[in-house]
Amino acid sequence: MKKVLAIVLVVAMMFGMTACSGSGSDTIKIGVIAPLTGDVAVYGNAVNDAVKLYTDKVNTEGGIGGKQIELVVYDDKGDATEAVNAYNKLVSSDQVLAIIGDVTSTPTIAVAQASVADNIPIITGTATHLDVTSFGTNMFRACFIDDLQARTMANLAVAQGVTKAAVIYNASDSYSTGLHDSFLTYCDSLGVEIVADEAYAKGDVDFNAQLTNIAAADPEVIFIPEYYNTFYLIASQARAMGITATFYGVDGTDGVLEIDGADTSVFDGMYFSNHYTTDDPSEVVQNFIADYQEAYDQTPNALAALGYDAAMILYDAIERAGVYEPSAENWQAIIDALYQTDMQCVTGHITYDEGNGTPNKSTKVITIEDGVYHFYGEY
Amino acid sequence: MTFLTQILNGIQIGSIYALVALGYTMVYGIIKLINFAHGDIIMVGAYVTWYLIAKLYVSEWTAIIVAVVVCTVLGMVIEKVAYKPLRKSARISLLITAIGISFLLENVAQLIFTANPRMFTNLFPGNMNLGGLTIPNNTAVTILVSVVLMVGLTLLVDKTKIGKAMRAVSEDNDTAQLMGINVNNTISFTFGLGSALAALAAVLYCCSYTQINPTMGSMLGLKAFVAAVLGGIGSIPGAMVGGFVIGIAESLTKGYIASSYADAIVFGILIVVLLIKPTGFFGRTMNEKV
Amino acid sequence: MEKFLAKMKNRYLLNTLLVAAIYGVIMLIIQLGVLNRYQANMLIPVCYNIILAVSLNLSAGYLGQLPLGHAGFMSVGGYTAALITLALDLPAAIEFPIALIAGGLVAAVFGFVIGLPALRLRGDYLAIITLGFGEIIRVVITNLGFTGGAFGLSGIQKHTTLTVAFLCTVITVFAVHTLMKSRHGRAILSIRENEIAAECSGIPTTYYKTMTFTISAFFAGVAGGLYAHYLCILDPSNFGFMKSVEILIMVVLGGLGSMIGSITAAFGLTLLPELLRDFSDYRMVVYSLLLVVVMIFKPSGLFGTYDFSMSRLLTDFSKGNLFKKKPRDHQVPVADELKGAEIAPDTSISADPDIPPEPAETDGKEEL
């Protein structure tokens, strides 16, 4: 009897799920997929906070077309499969008009592929991998691509007179591997010799083996295309080993100074490529920084800026398209409007070439001196 | 030169594996359980130490002592609550409960501290120079402390009364009871001891690898278990030897083959050992009577 | 009723009708729109999780071993199936069955290769060696070029529909059920009860153990193929120890040796995380707590070794003793001729028939 009861209960629960659907037509639903927990939670939360900030701002000013914007946020925990699950839920169950997401390249690629059949407009603020926009015309990004920043760092090396460089990268992450591959290609063509090329896997915390090999090759510069947490581990272990080479990072490295309990002397004299700099005097940037500071009591990092821009670009397109209910035609209308974008955002002037979801932008190089970020130059 | 450094790296991580393997081996010897939760006790030790030092600004030594106490108590509590009721049940239930406790610890830690990795300050900074080889201080401390603890443990098991009790219970539970040994207390003591060692291993690990997150214990625990099996599960010198062997194998793989294969090689060693000599280096074959 | 059910043919008919009825009800619900597209799609993971749980139950529940590398077989099957459909460009109706069967076969080969050496060990050692194999499979897949390496495979076509998944589930359950009802099944159960006695009675234990393992791996591979063509991406890091444990949780909670238990647990544990999405922070904590609590208070799982039988249900119903307590027995299939005789006395080692007896140790290390 107990068993029959158990079966009945489970089936009943299943039907209970049906209660969780239905939507109001007086709000515009925008889906957000971001890693709110996991290794890159700082990024996910930064993007999410920034999107919320801009959404609140727009809503206070009357929303879009008189309707308030409602955000439906899902945590993908930094995992591609979770991201795809969240995407499925947003499209079928929550019926959103558009999606802002994901944050890191691997889950974004998965979502991009899953979305081609549906043709729903998706904009990612921050996924820099080349392939993200290669699957369909519905995928947009607010940031530059990794190839560009790898070239920037290679140019920087040449500009600084570097002849011997080493690379240590994460072979199980598409972001890190893509950057590694591009960096190697550019160094090759620019005449910078790669004296050591070491790889590690996701989850590794001990880099002594690879760093020992790098130390033996004695490079002037070590290129570490990694997110801030692991970057710190590698950098501090390298310094502890007595390696004095300069560290080169990438946009994922932004945030190293905010690591709780880190020894920031490790970062002195390093360079990394990024999307924006707080030194930028333009109005849009300073307003954004002031608003963010007021709402969250901290200086926004590049990913927050990009998240803000993604929302800005998307809402502008929705307003121009003038459609607010999810449907195949409306989605296409928003996509068309996105391609017509021409606006000044926090991270630069954004325009899209027809059929290419990557905007035309430039990269900035930041350096760290005495535990403070400084704008170094554009390369 | 590089080769020597790689070996040294291997000995460093190996000594941590050895310390953890000791906990596994003792528990298995006494109640025939692979305590999957052991790796997560390390994680608890790491978080407690970190929290005390970084958030409550307690002095390092106090923090370490508190961490050891917390882990010991935790280990004993887990045994009393989760493993004791299942002592007479099938092995599979015990194993699954251990897995359940392991997940529970990991997820509760994730809930409290979030999955964001935390930074641990190296308590033994600096390097020293030994015959042209640069050795980081924390490496030296790790190896030294591990060896001292292992020697201490061997002495405890061989020479003290409680050690004798542990050996007796592991050999024959019922007869030990007949001899007047309080089996429950002995088992609790074993768990406590293993957990205390785990806490110390946690501190040493964190000094070298500065980053802690809720899932740090699982892979570490698994590899330490492989080390225990390699050395012969139930054998203390076996655990130590096994730990060093696994550590060096892993380090050499990372340095000369590819980091991503390190896990596979470690498990490959496990499989080879289990197929050729399942009792490990120092194990003894027990024949089954029908 | 009993006379009607005495004929095997009629029992098959009954069960087929039952299955068709379930399918009909599900389709009706979806047509009526009671479940939206997302919720209907959630039934697909239920299907392949059932296949995974039932296949693991074969090795864990019926054979009495503890393999911890089931996710490895799933991933092998999934990758094989995905690689085939990515390479071939045939219509789904042709290439999908080929892919699934190929996936199952490749996984079965792995099962055989791993099983042969691994099954010489007992209990805990088997658990660890299968865990090791599972991890090795994962690492190798992560490092091979043609499997997409660490980025996995993506762009897999979404061939898995509810109908296909349901069909595969039915086939799996039917196959396992028939296997266990046959004399092979009895041999497998006898190995679980007392391996040495079984060996002495002339049952080739190595043959049966390896066969069970291989079949179990086959179905895991098929489930992997369904998974790959549902999610459309394969990320090797998803097939580690954690996934094997998730499948094990389903089998254990449902009851080791109970097919209906595995099915129910798979059903519940697939849907529960979605229902509790709002509480997803607490989900894993609740899961682990649940696991520990169930293990302490009812180690045999929800259903124990009880196995659902439509014919028995109808017989009891017609005789009016549906709710009468039945004498406990092993649910080992008894030949019709013996049905009238007294139930044989309990011959297992452990006192409580619901708990599988402790697997014997051979090479256990016992000295501190």
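How many residue pairs are in polar contact across the interface of chain B and chain A? In this predicted model, local features need pLDDT of at least 70 and side-chain atom pairs count only at pLDDT 80 or more, whereas totals for chains, interfaces and linings use all residues. Residues are numbered from 1 along each chain as its sequence is written, chains are lettered from A and ligands numbered from 1 in the order in which they are written, and side-chain values use heavy atoms, without hydrogens and water.

The rule finds four such pairs, with both residues at pLDDT 80 or more; a polar contact is a pair of N or O atoms within 3.5 Å, of which, within protein, one must be able to donate a hydrogen and the other to accept it, and residues adjacent in sequence count only if both atoms are side-chain atoms. The side of chain B that touches chain A draws at least two residues from each of helix H1 (2–31), helix H2 (38–55), strand S1 (118–119), helix H8 (183–209) and helix H10 (236–257). Helices (H or I, at least four residues) and strands (E, at least two) are DSSP runs, numbered from the N terminus. H1(B) provides the largest share of this side, five residues.

In the contact (heavy atoms within 4.5 Å), 26 residues belong to chain A and 24 residues to chain B.

Confidence is expressed as pLDDT, the predictor's confidence in each residue, from 0 to 100. Chain B has a mean pLDDT of 84, with 96% of its residues at 70 or more. Residues 286–290 of chain B, however, have a pLDDT below 50, and this stretch has eleven contacts in the model beyond near neighbours in sequence.
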